[in-house]
Amino acid sequence: AGAFWIYHSGPEFGVVFAMLGVIAAAALCVLWNSTKQPAKTVSRRQTDWTYDRGSYRQLTAELAVVAILAPLSAAGLLLALVHLLPWTMASKMALAALVFPLLWALLALAYRLLNRSWRYLGLLALMSSSTLGLYYGY
């Protein structure tokens, strides 16, 4: 089938479809040779992921950091840093698109690892407001 696709669509698509054919054949072989067994019972230990009473402010602050402040701060940092690079605009945008989720997760995780520090919350709020102010003219 790979030779047909190479002839019909060119070598790039032909190689991809040939590899997909090999993957599909391997998956069928695995499914054909598999045996069904009953699921094993797994004992789970209790985790302590609940918030104590009176910590609605902490939960609200954590939600604000993860959903609002961390992505705005990550966008501001990336926009500032990407403009300093001597690359083409397409390369800068590609780098920003790839690094943005990682930086967002890093900033959100740092809040949690710093034991929900109010100073860090203030720093993220300052960075987020400066991002809005610089790039949107507020």
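The points below are a short note on the structure shown above, which is a predicted model.

1. Overall make-up. The protein holds 5 helices and 0 strands, and, read from the N terminus on, its elements follow the order α-α-α-α-α. Of the 138 residues in the protein, 20% are buried, a figure that a reader new to this structure may wish to keep in mind when turning to the individual residues discussed below.

2. How helices α3 and α4 meet. The axes of α3 and α4 come within 8 Å of each other and cross at roughly 145°, and the crossing of these two helices is right-handed. The residues that make up the contact of α3 with α4 divide into 18 nonpolar, 2 polar and 3 charged.

3. The salt bridge. A search of the whole structure finds 1 salt bridge, and the partners are Arg112 and Glu62, whose closest N and O atoms lie 2.9 Å apart. This pair links distant parts of the chain, since Arg112 belongs to helix α4 (residues 89-113) and Glu62 to helix α3 (residues 56-82), with their positions 50 residues apart. Are the two partners buried or exposed? Arg112 has a relative accessibility of 34% and therefore counts as partly exposed, whereas Glu62, at 15% relative accessibility, counts as buried, because the cut-off for a buried residue is under 20% relative accessible area.

4. Leu72 and Trp104. Leu72 lies in helix α3 and, with a relative accessible area of 26%, is partly exposed. In sequence Leu72 and Trp104 are 32 residues apart, while in space the distance from C-alpha to C-alpha is 8.5 Å.

5. Leu109 and Val65. Leu109 has its place in helix α4, and its relative accessibility of 47% means that this residue counts as partly exposed, given that exposed residues are those over 50%. How far apart are Leu109 and Val65, in sequence and in space? The two are 44 residues apart along the sequence and 9.6 Å apart in space, taken from C-alpha to C-alpha.

6. A nonpolar patch on the surface. Phe13, Val16, Phe17, Leu20 and Ile23 together make a nonpolar surface patch of about 480 Å². One of these residues, Phe17, is found in helix α2 (residues 11-33), and Phe17 is partly exposed, with a relative accessible area of 34%. That value is compatible with a place in the patch, because patches are made of residues with over 30% relative accessible area.

7. Points to carry away. For a first look at the model, a reader could begin with the right-handed crossing of α3 and α4, go on to the salt bridge between Arg112 and Glu62, and then turn to the nonpolar surface patch that includes Phe17.

How values were computed:
Residues numbered from 1 in each chain as written. Predicted model: local features only at pLDDT ≥ 70, side-chain atom pairs only at ≥ 80, totals over all residues. Heavy atoms only, no water. Salt bridge = Lys/Arg side-chain N within 4 Å of Asp/Glu carboxyl O. Helix = DSSP H or I, 4+ residues; strand = E, 2+ residues; numbered from the N terminus. Buried < 20%, exposed > 50% of the residue type's maximum accessible area, 1.4 Å probe, protein only. Patch = residues over 30% accessible without salt bridge, like charges linked within 9 Å, V, L, I, M, F, W, Y side chains within 5 Å. Areas by Shrake-Rupley, 256 points an atom, 1.4 Å probe, with all protein chains shown as cover. Axes fitted to C-alpha atoms, helices over the stretch in contact; angles between N-to-C directions. Left-handed = near helix turned anticlockwise from the far one by under 90°. Nonpolar A, V, L, I, M, F, W, Y, C, P; charged D, E, K, R; others polar.
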